[in-house]
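Here's a quick tour of a protein model for you to follow along with on screen. Take a look at the sequence and the structure, then read on.

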Amino acid sequence: MQFILTDEQTQFRDAVQRFLRDKSPTTEVRRLMETEEGFDRQVWEQMCGDLGLAGIHIPEAYGGLGFGMVELGIVMEEMGQALYCSPYFASAVLAANVILLGADERHRELLLPGIAAGTRIATLAVTEPDGRWDEGGITLTARPAADGFTLDGTKKFVLDGCIANTVIVAARLAAGGIALLLVDGDAEGLTRRSLNTLDDTRKLAELNFSGVQATLLGPPTEASAALARGGDLSTIALANEMVGGAQALLDSAVDYAQMRMQFGRLIGSFQSIKHKCAEMLLDVELAKSAAYYAAEAAAEDDPELPALASLSKALASEVYMATAAECIQIHGGIGFTWDQDTHLWFKRAKSSEVFLGDANFHRERYIQCLEATA
Amino acid sequence: MSDEQQVRAQVRAWLEANWDKNATLVGWRNQLADSGWGVPHWPEQWYGRGLPVALNTAIEEEFAAVGAVGVAKVGIRMLAAATLLEHGSDDHKKRFLRRILTGEDNWCQLFSEPGSGSDLAGATTRADFDGERWVVNGQKVWTTSAHHAEWGLVLARTDWDLPKHQGLSFFVIDMHQAGIEVQPLRQMNGHASFNQVFFTDATIAPENLLGKPGDGWKIAMTTLAHERRGADALRRWGRDSGLAGPIYDEERAEIATVIEPYKWYPQRAGRVDLAMPRASDTGRIQDPALRQDLARLLMLSQAAEWTAQRARAAQEQGKPQGPEGSLGKLASSRVARAASLVHTGISGADSMLSGADSPLDGVIAEILVSVPATSIAGGTDEIQRNIISERVLGMEREPRMDGGPFRDVPKNAGRSR
Ligand SMILES: Cc1cc2nc3c(=O)[nH]c(=O)nc-3n(C[C@H](O)[C@H](O)[C@H](O)COP(=O)(O)OP(=O)(O)OC[C@H]3O[C@@H](n4cnc5c(N)ncnc54)[C@H](O)[C@@H]3O)c2cc1C
């Protein structure tokens, strides 16, 4: 493992950072989180068109840039730091990963170029009202019909589910096993409800399927593996996004401590504050190491991917949330106000903490992985 | 071929031509010193090959593969070597480095005193020049290895009128002399690896001053930086090779005498390696709460290792050696405590026992009563947090009450018990 970015990767990071600093200041985050769509189409088009970020890890054959998980990790980290609001994670990460792994050639050709170009916004619908992140929680049924399948059931916590024009649905087959199916966002029989979210920078939806027409994305025999591996890759991407957010909170806490005076001295000269910041830095560094390691391992097809995904996510979940809580604490009363920006990251930390599985879930899964290899 | 493969091939060829398990331990280590393969990351002119530290692991693996013994490189001797490499004159390096590597000389670090531990710059052990040599009076404490050291690194005050950080000097002192009395101190885990050391008109030859008078603090910082960085290397202390042959017997004898007082060192780091096997063997792995603690520990320990690798990778890219060792040291305290918790959870009521009645013939008990050293030795966690917040995060320094001539700075009254 290298832990070193090449010059090209460093330049790439700088370019992404400049773009997001320019396009996603917190004034924009605040404006967009109040909207129903939750993102700015013009910025999205620039991001997908000029920078090609939505296709960063999609092979060139499907209209992407053909880079790997390390570059995707860089994008995620910068987006997490800037709290960039868009359907990027839903479309370019969750959906694209599963399509790359589980779709047949025809569907890859049909879907991926649009996702890479940003003209098609896709999402992945797996979780149901019971909130389970694994395959075992899937009860929505797919029954064979005249041309394809008919879906009945409910999906919940679907990221950007109301704006997606393509929904990849994980469903249970009557014959047993699961399948991945393709549904149009405005398909007949599909009702979409925007959920009230604690974190308004990330839109969630409930999707009700009642006799909805769907086509198979790929062979059902591969659905389970694609879902699992795609889930691991997306979990690692999320962990990278989270450490970017945690870094933003740490920076903000230290900056404030170096500015705020009490008792005739900067609060940053009080040991209880300094020591908190030192612990926060250690936390963030540990979580970054795990997220970077996992991204590199994913790029190299490491067989321990599931364990590494769980490790990186469990650490990121704990660290992001702890850093958010301490950042508010260091800001004092102003940290609890709506006008101060910390709560934006605090809420993202909370939603990310549980999204794709919380720390307890991933610790348990990690031990299971170790037991399986022992 | 990558650098690593190339170096591996070189070591392998060299070992094939030279490794001789019938050599004497010192003879073999002299050969290693001459070849540069004993400490490949040292400069070429001083027993090394100027290779990146990152390649050490690969090189050690090649040694292990053929059962070749390495140079003596655990413990305070390596802090002494690092300090001498950076601040010693050519004469110092010529006189001391080789015998450090062969294991013929042991070293100790005479920094902490009864009145000044975290606040090392408050040292009151004095060295006065009498026209011919330095004369030392005072007391040091918690001095690891002093009871069998040939040489000591000593921080002493040579000027009482300067502010405290400026009046210190750094010496190499001959431990075999009448003016030095060493008394072992028994630790809470029953072992005695540290000592108190009394100086009564002990002497130091003028050529054993490192740098100039007044350079003491700067040089001591080098030693300490290396100590912190080495915090995660503790796990490999004094493991028996388990191989048969005269050179291994000699090495075993060395471990038995020199390393004996430190055989608890791996335990103080928490023995994370034992956690998963013990949890499985005892069946406690079925307990959901324990599984959570176990995962927490293993993840933390893994991430700490990666963080150390990242710091090394950054260094190799030319970033200066900074205070990042403090982050690693703080991480190892966390790991050690988390390990202690997990071992207690696994052992249950057996955690109340020690010695032969404790699991693994006392190893578990030894973990539980040795872990507290990790967050104290080599600079406490609180001091590491000060360093990280001030030097990494750039936060305000605390207001200080110890400026002006050292003579007038408030000090601990008398000697502590
Ligand atoms: C196993 C072991 C081996 C050792 N080996 C050696 C050796 O070989 N050579 C050697 O010279 N020393 C050695 N030491 C000594 C060690 O470096 C000191 O014990 C340590 O630096 C703490 O100093 P102290 O014991 O005087 O505690 P103190 O400095 O008195 O600290 C007491 C408490 O006050 C806290 N404190 C002190 N200053 C501050 C501050 N500015 N801010 C916040 N909190 C503060 C400390 O963190 C600690 O909790 C060893 C210690 C141990 C446990």
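Does B:D128 count as exposed, partly exposed or buried? B:D128 counts as partly exposed, because its relative accessibility is 31%. Keep in mind that you're looking at a predicted model. We'll begin with that residue and its salt-bridge partner, then move on to where the two chains meet, and finish with a few spots in chain A.

**Salt bridges within chain B**

- The side chain of B:D128 pairs up with that of B:R126 in a salt bridge, with N and O 3.0 Å apart.
- B:R126 is partly exposed too, since its relative accessibility is 33%.
- A second pair is B:D130 and B:R133, whose side chains form a salt bridge with an N to O distance of 3.4 Å.
- Both partners in that pair are partly exposed: B:D130 has a relative accessible area of 42%, and B:R133 has 36%.
- Elsewhere, A:E279, A:D283, B:R334, B:E382 and B:R385 are joined into one network by salt bridges that share partners.
- Over all chains, the structure holds 50 salt bridges.

**Where chain A and chain B meet**

- On the chain B side, 37 residues are in contact with 43 residues of chain A.
- Together the two chains bury about 3600 Å², and 65% of that is on carbon and sulfur atoms.
- Three residues to find here are B:M299, B:W306 and B:R310: they supply 21% of the area that chain B buries against chain A, more than any other three residues.
- Eight salt bridges cross the interface.
- A:E279 and B:R385 form a salt bridge through their side chains, at 2.4 Å from N to O.
- You'll also find 18 residue pairs in polar contact across the interface, with both residues at pLDDT 80 or more.
- Three helices of chain B, α10 (288–316), α11 (324–347) and α13 (381–392), each supply at least two residues of the side that touches chain A.
- The largest share of that side, 16 residues, comes from α10(B).
- Sorted by class, the side of chain B that touches chain A has 19 nonpolar, eight polar and ten charged residues.

**A closer look at α10(B)**

- This helix has 29 residues and reaches 42 Å from its first C-alpha to its last, close to the expected 42 Å.
- At the start of α10(B), a side-chain oxygen of B:D287 comes to within 2.9 Å of the backbone nitrogen of B:A289.

**A salt bridge linking distant parts of chain A**

- A:R30 and A:D341 form a salt bridge, and their closest N and O atoms are 2.9 Å apart.
- These partners are 311 residues apart: A:R30 sits in helix α2 (residues 26–33) of chain A, while A:D341 lies in the loop between α9 (305–331) and α10 of chain A.
- A:R30 is buried, because its relative accessible area is 18%, whereas A:D341 is partly exposed at 22%.

**Two helix residues in chain A**

- A:R13 belongs to helix α1 (residues 7–23) of chain A.
- With a relative accessible area of 16%, A:R13 is buried.
- Not counting neighbours within four places in sequence, A:R13 is in contact with A:L5, A:I74, A:E77, A:E78 and A:Y292.
- A:E353 belongs to helix α10 (residues 342–354) of chain A.
- A:E353 and A:L315 are 38 residues apart in sequence, and their C-alpha atoms are 9.8 Å apart in space.
- Again setting aside neighbours within four places, the contacts of A:E353 are A:M242, A:K313, A:S317, A:M321, A:D358 and A:A359.

**Two positive phi angles in chain A**

- Most residues other than glycine have a negative phi.
- A:F157 has a positive phi, near 60°, and is found in strand β3 (residues 148–159) of chain A.
- A:D160 also has a positive phi, near 50°, and is found in the loop between β3 and β4 (166–173) of chain A.
- A:F157 is partly exposed, with a relative accessible area of 28%, but A:D160 is buried, because its relative accessible area is 8%.

Conventions:
Residues are numbered from 1 along each chain as its sequence is written. Chains are lettered from A and ligands numbered from 1 in the order in which they are written. This is a predicted model: local features need pLDDT of at least 70, side-chain atom pairs count only at pLDDT 80 or more; totals for chains, interfaces and linings use all residues. Side-chain values use heavy atoms; hydrogens and water are left out. Helices (H or I, at least four residues) and strands (E, at least two) are DSSP runs, numbered from the N terminus. Buried means under 20% relative accessible area, exposed over 50%, partly exposed in between (1.4 Å probe, protein chains only). Contact means heavy atoms within 4.5 Å. Buried area is the accessible area (1.4 Å probe) that two parts lose on being put together, summed over both. A salt bridge is a side-chain nitrogen of Lys or Arg within 4 Å of a carboxyl oxygen of Asp or Glu. A polar contact is a pair of N or O atoms within 3.5 Å; within protein, one must be able to donate a hydrogen and the other to accept it, and residues adjacent in sequence count only if both atoms are side-chain atoms. Ala, Val, Leu, Ile, Met, Phe, Trp, Tyr, Cys and Pro count as nonpolar, Asp, Glu, Lys and Arg as charged, and the others, Gly among them, as polar. The expected span of a helix is 1.5 Å times one less than its number of residues.
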